[in-house]
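Okay, thanks for coming, everyone. Let me pull the structure up on the screen, and then we'll walk through it together.

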Amino acid sequence: MNVQPRLLISIIFPLVFFILSLLVYVGYSEYKSNQNAAIEQATSNVRIAREYLAHHFVSAESHLYLLEQLWEEKNSIQGVMEAAQTIVSAKSQYLEVGLLANGNYYGTDGFYKVAAFEEIAKRPWYKPAFSGQIYITPIYLSGSTGRWAVALVSVLEPLQRQEVRIILEINVASLYESLSLLKTLDNGYVYAVERRTGNIVMHPDLSRVGKSSSSVSRDLLARIDSGESTGTIASYVYNDEEKFSVYDARSLHGWVVLSGAAKSEIIMHTFGISAVTLSLLVFILIIGLSIYIIQRVHIYGRQLSEVESIHELNTALRQMVEGVIGCQSIHLYMRNVYSGDFESAQCKHCLSEKEFIGNLATQLGRFAKLPAKQPDMVSAFIAPGKKCIRIPLTKNKQLIGLLYIASPRLELPLLINMLRTYAQSALGHVMLALRIQQTDAMTGLRSKYYLQAQIEKHIKASAPYYVAMVDIDDFKVINDTHGHLFGDKVIIAVADCLRRESDRHTVVARYGGEEFAILVPAEDIVGVKMVLEYIRESISSMQLEFSGKSCVVQVSIGVAKGGDDMEQSIARADKALYQAKENGKNQVVIYCLNSMLQTA
Ligand SMILES: Nc1nc2c(ncn2[C@@H]2O[C@H](COP(=O)(O)OP(=O)(O)OP(=O)(O)O)[C@@H](O)[C@H]2O)c(=O)[nH]1
């Protein structure tokens, strides 16, 4: 199946636009679904983290309860501390267990301190509280271990009017270890913030712990306090990256657990899947179509380079132009190598060299787009009111033709330049073939075929003309006397004389052997007769000398007024020539219907 390149090109742009729109739509849908998936993943991570933390808090509370029971049974400091030591040793998340009793602070690993109340009140785990209360402290940097910690504190009945409290200090970093494995997309993480202060309690970057969170704003904390305990923070900026987070602030000792990811990750995921696949498909499609189009242009180009006549060139050019860029019509003007005029290959329109230089020469560079309102003198004639493309065709930097494409559908410079390359090479080829066909190799005069074509042109244009046949007298004798080489030189000398004595509108051709034909554009015989007599006299006055041999040449000429029938017109001139020979040669005879008229 052969699809015309212009059809493919005309569908490429809408197709690319359609696919790009589809890409945007698919990309947007994919982004939305990836965003929902990321939110779901973050929600699930937050739920897992909450369950994990709740489990640990319950476990810590049960350890506290155990120690409380021990204390309440015996009020034995040693008993409680021994049990506390066992618990701390077994649980890596616990930094220390402390007992405030008898005005002293007893800590695991043998830490003991006489506790003046003022000093106790400064400890991060201390706050005024009623007996029977259990509370969790804000995050603090543990003085004894230098680690970030929170303490779960149980306030017991005072003993001998002195406060009794059991303090379970939890290592936050150790608690976070397992949670750090929970990922949202590739790099999102779980973290926790204190509701009361807005400070971070758990974060993969330890330097962030104890500092205020960028995601949990005062505004959000207020909303949480008013009951909005779960939800999504749609957008916030952290480390110059736009992020989102899912939060849950339900009953976890005042902690808000969060998980989120950078939005760029969602975009990367989106591009990673659909967009890249689709872009690749579009890319492959465009490359494939481009290769096909270029191949088709080359096929047209090959057909063009095989043409041998101007008619074939016209047909092949039209097919190529219609197939490649599409158009209403094309017009080819080719330079006449003899006159320099630009003649239309389609019609009789001709731009003389003078007109051409005056109007177009200075504007001819690369191809030009001529809008309907700014035509040049040719486009105004061949396609009035239509836009055109004018393509100059050159050979050896010389202008040999002009191609006009009226109302082109595509104006892509790449295609027009390909077209131009093939067109100028084909035109150059055809012009060379024409030149060979139209020129007589020995004398350099026009050939018989060119003369006949020119007569046809005059007949078509209803332009008046005369045809004269010129024959060298007694040429056989010259040949026989001086040899054929000498005879050839005589033919060339006569041809030179004919050329010299004719003006640029007269066509002089070698008709065959020692016979010549002349086409004279003229209204009446008077001027023609004068010219022919002048030619005859010029030839007979030549003294020809070659290689020491010399001779005088004379010619007989028959002339007839041209009619609508080319062959008949030539036959009449021939008849007059025959009469000139009959009358004794070296004379001009004019053909008349009933009798021949001898001149001079
Ligand atoms: N040297 C040479 N001779 C040619 C050429 N073409 C034809 N001839 C010769 O020209 C001669 C023409 O002879 P004819 O047709 O008898 O005519 P003619 O001798 O000129 O006699 P008239 O025409 O009656 O004056 C022939 O002998 C041809 O061989 C050519 O290209 N070169």
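Let's start with a question: which residue has a polar backbone atom 3.3 Å from an oxygen atom of the ligand? That's Ile 472. Before I go further, keep in mind that what you're looking at is a predicted model.

So, staying with the ligand. Asp 471 comes in too, but through its side chain: an N or O atom there sits 3.3 Å from an oxygen atom of the ligand. And then there's Lys 581, where a side-chain N or O atom is 3.0 Å from a ligand oxygen. Taken on its own, the ligand has 660 Å² of accessible area, and the protein covers 64% of that.

Who else is around? There are 16 residues around the ligand, and the ones that come nearest are Asp 474, Phe 475, Lys 476, Asn 479 and Asp 488. If you sort the shell by character, you get nine charged residues, four polar and three nonpolar. Three elements each give two or more residues to that shell: strand β19, at 466-472, and the helices α12, at 475-482, and α13, at 484-500. Which of them gives the most? It's α13, with four residues.

Okay, on to the sheets. Here's one with six strands, an open sheet, and if you read across it the order is β15-β14-β13-β18-β17-β16, with antiparallel pairing. The edges are β15 (350-351) and β16 (368-370), and each has a single partner strand, so one side of each is left without a neighbour in the sheet.

Let's zoom in on the β16 edge. Its partner is β17, residues 388-395, and the two pair in the antiparallel sense over three bridges. To see one of them, find Lys 369: its bridge partner in β17 is Ile 389. Now look at what lies against this sheet. Helix α10, residues 413-438, packs on it and touches β13 (329-335), β17 and β18 (398-406). The direction of α10 makes about 50° with that of β17.

There's another open sheet to show you, this one with five strands. The order is β9-β8-β12-β11-β10, and the pairing is antiparallel. At the edges we have β9 (200-202) and β10 (230-238), each pairing on one side only. Ignoring direction, neighbouring strands here are turned by 35° against each other on average.

Take the β9 edge. β8, residues 190-194, pairs with β9 in the antiparallel sense over two bridges, and Ala 192 has Met 202 in β9 as its bridge partner. Helix α4, residues 172-179, packs on the sheet here, touching β8 and β9, and its direction makes about 65° with that of β9.

Over at the other edge, how many bridges join β10 to β11? Seven, with β11 covering residues 241-248 and the two strands running antiparallel. Within that pair, Val 237 stands opposite Glu 242 in β11. β10 and β11 make a hairpin with two residues between them, and in the turn you'll find Asn 239, with a positive phi of about 50°.

Right, that's the tour. Let's rotate it and take questions.

Note on methods
Residues numbered from 1 in each chain as written. Predicted model: local features only at pLDDT ≥ 70, side-chain atom pairs only at ≥ 80, totals over all residues. Heavy atoms only, no water. Pairing = 2+ DSSP bridges. Contact = heavy atoms within 4.5 Å. Axes fitted to C-alpha atoms, helices over the stretch in contact; angles between N-to-C directions. Near = heavy atom within 4 Å. Polar contact = N/O pair within 3.5 Å; in protein donor to acceptor, adjacent residues only side chain to side chain. Areas by Shrake-Rupley, 256 points an atom, 1.4 Å probe, with all protein chains shown as cover. Nonpolar A, V, L, I, M, F, W, Y, C, P; charged D, E, K, R; others polar.
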